[in-house]
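Visitor: I should like to understand the reasoning behind the terms applied to this model. Could you take me through them?

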Amino acid sequence: MRHLICCALFTSAFCLVWATGSSAEAAVRAGDLRCEYVTNPLGVEAARPRLSWVLTSPQRGEMQIAYQVLVASSEEELRAGEGDLWDSGKVTSDQSTQIPYQGKTLSSRQPCYWKVRVWGKNGEGSGYSEPATWEMGLLSPSDWKAKWIGFTPGWPGRALYFRYSFSLKKPVKEARAYIAGIGYYELHIDGTRVGDHVLDPGWTDYSKRVLYSTYDVGGLLRQGDNVLGVIVGNGWYGMPKLLLQVEVTYADGARDQFCTHGGSVGAGIWAVTSGPILNNSVYDGEEYDARLEKPGWDLPRLTPPHAEDAAGAIGESMAGQGKAAERAEYWITMANEVEPPGGRLVSQMIDPIKIMDTLHPKKISEPKPGVFVYDVGQNLAGWGELRVKGERGTRVTLRFAESLYLDGSVNQENLLKAAATDVYVLKGGEEEKWEPRFTYHGFRYIQVEGFPGRPELQNILVKAVRSSVEGNGVFESSNELVNRIQKMVWWTEVSNLHSVSTDCSQRSERQAWLPDLAVRSETSFYNFNMSRFYTKVLNDIADTQAEDGSITDTAPFKYGFRPADPVDFSYLSLGWFLYQHYGDTQAMADHFEGFKAWTDYMAGTTKDGIVPYGYWGDWTQPSAYNLEGSDQNAVSKTTPLQLTSTGSLYYCARMMSQMAEVLGRQDEKAKYDALAETTAAAFNRQYWNEAVGAYGNNDQAANSFALFLGLVPEKQVPRVVENLVKDVQAAGGHLTTGYFCTKYLLEALVTYGHADVAYEIVTQKTYPSWGFMLENGATTLWERWEQVTGGGMNSHNHGFKGSVGAWFYKYLGGINTDPQGPGFKRIIIHPYPVGDLTWVRSEHTSMYGVIRSAWRKEGKTFQLKVTVPVNTTATVYVPGSDVSHVAEGGKPAARAAGVQWVRNENGAVVFEVGSGDYEFTAK
Ligand code: BGC
């Protein structure tokens with residue numbers, strides 16, 4: 001008997017070891033849990049938040065066949081395995097992204113603790129993941145007890161300082177701060193700055209929507225005296241207003257709220273004063289007089305007012321403008337309740353703007369005595385942190401610019417009306433460190449005037465500031481020029497992500513132009529996780545939409561036309577790309593009526609199927625070829641505006657039909673199929689030139705846009721392609737397109753068998769080309785193909801010529817979405833080893849994990865390394881003529897595990913693979 005028991009014990013122990021051993025080897029695991037694209041977010045407002053996780057497995061071809069999600073209202077419940085909010089049960093499904101929560105209705109502030117377990121393709125379970133959380137925001141207007149406050153008499157140009165002291169009688173368990181301070185705010189609690197957002201909240205049309213941020217401030221508040229201090233600047237709003245609600249839960253479970261309010265209602269008074277920020281403007285810069293600082297302004301025990309000092313300083317810097325009140329008191333007065341901005345309060349789910357990088361200037365010069373110019377070596381968006389020691393009252397000026405005059409001083413002409421100048425007045429004493437709060441500049445050079453003594457390189461530290469979207473792309477190749485273009489595109493994109501996609505980062509514009517986004521967004525999808533950013537942009541666009549369906553050229557709307565140029569189809573294409581890149585159907589569904597209304601609006605303007613208007617079209621073609629040559633007007637001479645407008649309507653009709661199909665709206669699908677058909681017919685009637693075999697005036701823009709859209713009747717395709725290639729050759733291998741059709745030129749050339757011609761265009765160093773910009777010292781993309789620096793429209797950090805960035809990933813790297821499996825559930829790997837390239841390494845982090853495509857050419861051997869994330873499949877195109885010449889992992893590819901040969905196609909051998917790492921070799 002004893003023997004038997006021993007045996008049984010041994011056997012089960014053995015089984016256990018065997019089972020654990022094998023599951024450690026073979027197990028599929030879930031990690032990187034996210035809710036609404038974010039790790040452990042606060043302030044979630046979606047009624048059915050979408051959950052996702054990333055699977056890993058050491059096995060090839062691994063798939064999820066089932067999952068179980070538990071969502072609990074407390075950590076303890078979750079630990080006990082209780083999903084009191086939602087227990088999905090075992091769901092047979094391979095879905096691991098975009099899973100809508102389907103539990104109990106969630107109310108404001110509800111914390112949710114969740115975990116997931118999954119089953120792999122062989123049926124083995126994973127065990128539960130590490131837990132994750134999310135917390136609901138303030139879902140109803142009635143949750144807001146706070147009132148908007150400001151200071152009506154105002155101090156024009158100056159930032160406002162708000163202060164509120166209060167006492168907590170009991171120990172604090174946890175606390176949240178919900179805040180919207182517009183234009184921009186900075187929140188302090190008891191002397192500590194809360195969070196790391198800058199230029200917060202994101203810019204919106206404040207009359208429609210105001211974003212509030214949620215902070216966990218439990219660790220900052222304590223039993224006893226506390227102070228909330230908030231500095232609010234003008235930002236894009238122009239007049240500081242604050243709304244703040246701090247909610248405290250005590251250790252005993254009781255709760256308290258501390259809210260902004262005017263007057264002396266309830267406990268405490270919100271005091272307001274001005275301070276050292278004498279001027280703050282996004283375009284013009286910030287002026288800061290450190291002598292006006294109020295030390296301890298955000299601490300419970302206020303140090304006595306430095307009334308004397310302040311009075312003196314105000315006298316000096318405001319030339320005695322008679323601010324008697326300021327001399328008299330440290331905290332001037334009570335803040336008053338002000339008119340709310342009008343918009344609905346919405347939780348800020350977009351990645352907040354942050355300081356994302358610091359750079360040390362490379363050089364310093366002295367073009368004139370006492371005038372010093374720092375060269376950062378990189379054009380970027382952000383500001384400089386000044387370190388200076390000198391006499392009290394010394395005034396140091398920092399002027400920002402993208403280019404220099406011949407004498408070495410900064411040239412600010414192309415900033416138009418933006419003064420782009422920061423001023424710091426020293427308080428004296430120890431070394432002072434200062435950076436602005438409520439402005440940012442687009443620059444490479446900083447001119448410093450008034451510096452006490454001779455500044456050294458370390459007296460300025462440069463901070464790159466942008467929306468903190470996660471990087472999710474890597475692209476490198478054997479061609480250094482291509483790498484430099486990729487770097488230039490990357491820097492341009494990051495300089496122009498400031499809660500909206502700005503056109504430029506420096507001049508008195510910085511608007512979210514929608515035509516630019518139409519061609520630029522795909523590049524950012526490949527380089528960054530844009531899921532939250534573009535969801536916000538869609539709302540910005542929707543906020544511009546009028547009753548008649550028209551939208552505006554910029555969103556938030558400040559510049560441009562209503563109705564927008566039809567090339568502004570970014571409203572639809574962002575929805576479509578969110579679906580292609582993240583499998584997001586929510587954004588499409590939320591905006592479907594808006595997309596329809598804009599498409600219908602454009603369709604309603606047509607005469608004989610042609611959209612009769614357009615303002616920009618293929619704007620900024622090279623002036624040597626196609627422009628009138630004016631610095632202000634960059635409308636093409638050769639590409640009719642109505643051609644790009646009508647083509648855009650066709651594109652919208654097609655996207656509408658595809659989206660209607662995904663959303664199961666068959667009637668609408670039929671309607672937009674019909675619109676696409678009539679628009680295609682009209683386009684061909686109007687612009688097809690039978691004699692020449694081309695569109696419009698047979699320029700690159702017209703032909704490539706028609707080809708890209710698939711508007712060319714099949715039998716005419718060869719003629720149009722021939723004309724297109726001929727035109728490129730006639731231009732010496734150069735493009736003649738503007739910001740818009742450049743994208744379609746490169747795409748069409750690859751699609752129609754001329755990837756080599758596209759590569760030739762991309763790798764030019766002479767005008768007009770990206771290489772020409774680099775040869776002339778560019779570190780970010782220019783607005784114009786020409787090198788200009790005068791007072792016209794010539795930004796040197798302009799996103800819209802960056803579509804080549806997506807082209808690198810899609811065709812040189814070969815990483816593509818597959819419409820058959822949106823969100824990279826299915827992937828297409830199709831690299832084009834063109835020109836002199838001998839290797840490329842590309843990576844993209846999808847919602848399923850990292851996708852890799854890296855290839856190398858050596859003699860006649862082509863090697864392709866591919867990584868396919870768990871729970872996805874890929875179609876892989878290996879250059880070659882026959883499967884018998886292709887090996888995978890050293891074995892004939894046709895027999896390699898998890899690799900299936902499908903067909904040979906246009907010089908490529910095509911395989912289907914599941915997840916895992918693969919190494920193909922073709923000879
Ligand atoms: C912007 C462009 C925009 C254009 C209109 C310019 O001022 O900088 O990016 O597309 O206006 O086409």
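The conversation below concerns aromatic pairs, charges over rings and the ligand site.

Guide: Please note that the model is predicted.

Visitor: Why is the pair of Tyr-739 and Phe-800 called stacked?

Guide: The ring centres of Tyr-739 and Phe-800 are 4.5 Å apart and the planes stand at 25°. Centres within 6.5 Å make a pair and planes under 30 degrees apart count as stacked, so the term applies. Tyr-739 lies in the loop between helix 13 (717-730) and helix 14 (741-751), and Phe-800 in the loop between helix 16 (770-775) and helix 17 (804-813), 61 residues apart. Both residues are buried, and both belong to a cluster linked by ring pairs, which also includes Phe-569 and Tyr-744.

Visitor: What makes Phe-911 and Phe-920 a stacked pair?

Guide: Their centres are 5.3 Å apart and their planes at 25°, so the pair is stacked. Phe-911 and Phe-920 are both buried.

Visitor: How do you know that the charged end of Lys-115 sits over the ring of Tyr-128?

Guide: The distance from the charged end of Lys-115 to the ring centre of Tyr-128 is 4.8 Å, where the limit is within 6 Å, with a further condition of within 35 degrees of the ring normal. Arg-510 is likewise placed over the ring of Tyr-440, 4.9 Å from its centre.

Visitor: What makes the approach of Asp-516 to the ligand a polar contact?

Guide: An N or O atom in the side chain of Asp-516 is 2.5 Å from a ligand oxygen; a polar contact requires such atoms within 3.5 Å, so the pair qualifies. For His-798 the corresponding distance is 2.9 Å. Of the 300 Å² that the ligand exposes when taken alone, the protein buries 98%.

How values were computed:
Residues numbered from 1 in each chain as written. Predicted model: local features only at pLDDT ≥ 70, side-chain atom pairs only at ≥ 80, totals over all residues. Heavy atoms only, no water. Phe/Tyr/Trp six-rings, centres within 6.5 Å; stacked < 30°, edge-to-face > 60°. Helix = DSSP H or I, 4+ residues; strand = E, 2+ residues; numbered from the N terminus. Buried < 20%, exposed > 50% of the residue type's maximum accessible area, 1.4 Å probe, protein only. Polar contact = N/O pair within 3.5 Å; in protein donor to acceptor, adjacent residues only side chain to side chain. Areas by Shrake-Rupley, 256 points an atom, 1.4 Å probe, with all protein chains shown as cover.
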